[in-house]
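Here is a note for a colleague who is meeting this structure without earlier acquaintance. Please read the points with the sequence and the 3D view side by side.

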Amino acid sequence: MRKIILVFSIGLFFMVSPESLQAQDKTVNTGDALLKETLYKANKVKVSNFSLKQFDALFFEFFDKKANPNLVLTKEEFYKYTIQIAIFSDRLAALYPDQKEIAAANKKKWFAESYEDYLLSKATQKK
């Protein structure tokens, strides 16, 4: 009886382990993630060449539009701003090597921005 349980346990271990390891490696690409990646690739060179003045203009334009209760950005517009801001973090990391960790954290933060959260904030803005 012990041998049967042992064989069954080992067999179960080998059947379950590869699947669970494979499931951990898979990354689910949502539509937003695909859009973000597309925008990142399309804007990387352009934004990497922005001056600080151009970046400031982009940054304040985004916050003005985001704060305007009568304007709702489309998903693509919203992500275009957030991804461009994230890309500029790469430029800052290149210009200021001692700030690489901060730039990486900022890039991660801007990539994590969610259009759904933006829409929720717009709904509360109108109330």
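The numbered points below take up the core, the charged pairs, one lysine and a surface patch in turn.

1. A word of care belongs at the start, since the model discussed here is a predicted one. Residue numbers run from 1 along the chain as its sequence is written.

2. The largest nonpolar core has 19 residues, and among these L58, F62, L73, F78 and I85 touch the most other members. At least two residues of this core come from each of helix 2 (31-48), helix 3 (52-67), helix 4 and helix 6. Helix 4 makes the greatest contribution, giving eight residues to the core. As background, nonpolar side chains tend to be buried together in soluble globular proteins.

3. I85, one of the core residues that touch the most other members, is worth following outward in the 3D view. When neighbours within four places in sequence are left aside, I85 is in contact with F55, L58, F59, F62 and W110.

4. F88 is found in helix 4, and with a relative accessible area of 2% this residue counts as buried, because the limit for that label is under 20%. Apart from neighbours within four places in sequence, the residues in contact with F88 are V47, F50, S51, L52 and F55. F88 and A103 are 15 residues apart in sequence, while their C-alpha atoms are 8.8 Å apart in space.

5. Turning to charge, a search of the whole structure finds four salt bridges. One of them joins the side chains of K44 and D90, with an N to O distance of 3.7 Å. This pair links distant parts of the chain, for K44 belongs to helix 2 and D90 to helix 4, 46 residues apart. Both partners count as partly exposed, K44 at 32% relative accessibility and D90 at 24%.

6. D90 also takes part in a salt bridge with K107, in which the closest N and O atoms are 3.1 Å apart. Since K107 lies in helix 5 and D90 in helix 4, the pair ties together parts that are 17 residues apart in sequence. K107 is partly exposed, having a relative accessible area of 21%. Through shared partners, these salt bridges join K44, D90 and K107 into one network.

7. A salt bridge within a single helix is formed by K65 and E61, both in helix 3 and four residues apart, which is about one turn of the helix. The closest N and O atoms of K65 and E61 are 3.5 Å apart. Each of the two is partly exposed, with K65 at a relative accessible area of 28% and E61 at 36% relative accessibility.

8. K122, in helix 6 (residues 115-126), deserves a careful look: how far away is the nearest side chain of opposite charge? That side chain is E77, at 10 Å, and K122 is buried yet has no salt bridge. Leaving aside neighbours within four places in sequence, K122 is in contact with K65, K66, A67, N68, P69 and L71.

9. At the surface, L92, L95 and Y96 make a nonpolar patch of about 270 Å². Y96 lies in the loop between helix 4 (75-95) and helix 5 (100-111), and this tyrosine is partly exposed, with a relative accessible area of 46%.

Note on methods
This is a predicted model: local features need pLDDT of at least 70, side-chain atom pairs count only at pLDDT 80 or more; totals for chains, interfaces and linings use all residues. Side-chain values use heavy atoms; hydrogens and water are left out. Buried means under 20% relative accessible area, exposed over 50%, partly exposed in between (1.4 Å probe, protein chains only). Lys and Arg count as positive and Asp and Glu as negative; His and the chain ends are not counted. Contact means heavy atoms within 4.5 Å. Patches are made of residues with over 30% relative accessible area and no salt bridge: like charges are joined within 9 Å, nonpolar side chains (Val, Leu, Ile, Met, Phe, Trp, Tyr) within 5 Å. Accessible areas come from the Shrake-Rupley method with a 1.4 Å probe; for residues, only the protein chains shown count as cover. A nonpolar core is a set of buried Ala, Val, Leu, Ile, Met, Phe, Trp, Tyr and Cys residues joined through side-chain atoms within 4.5 Å.
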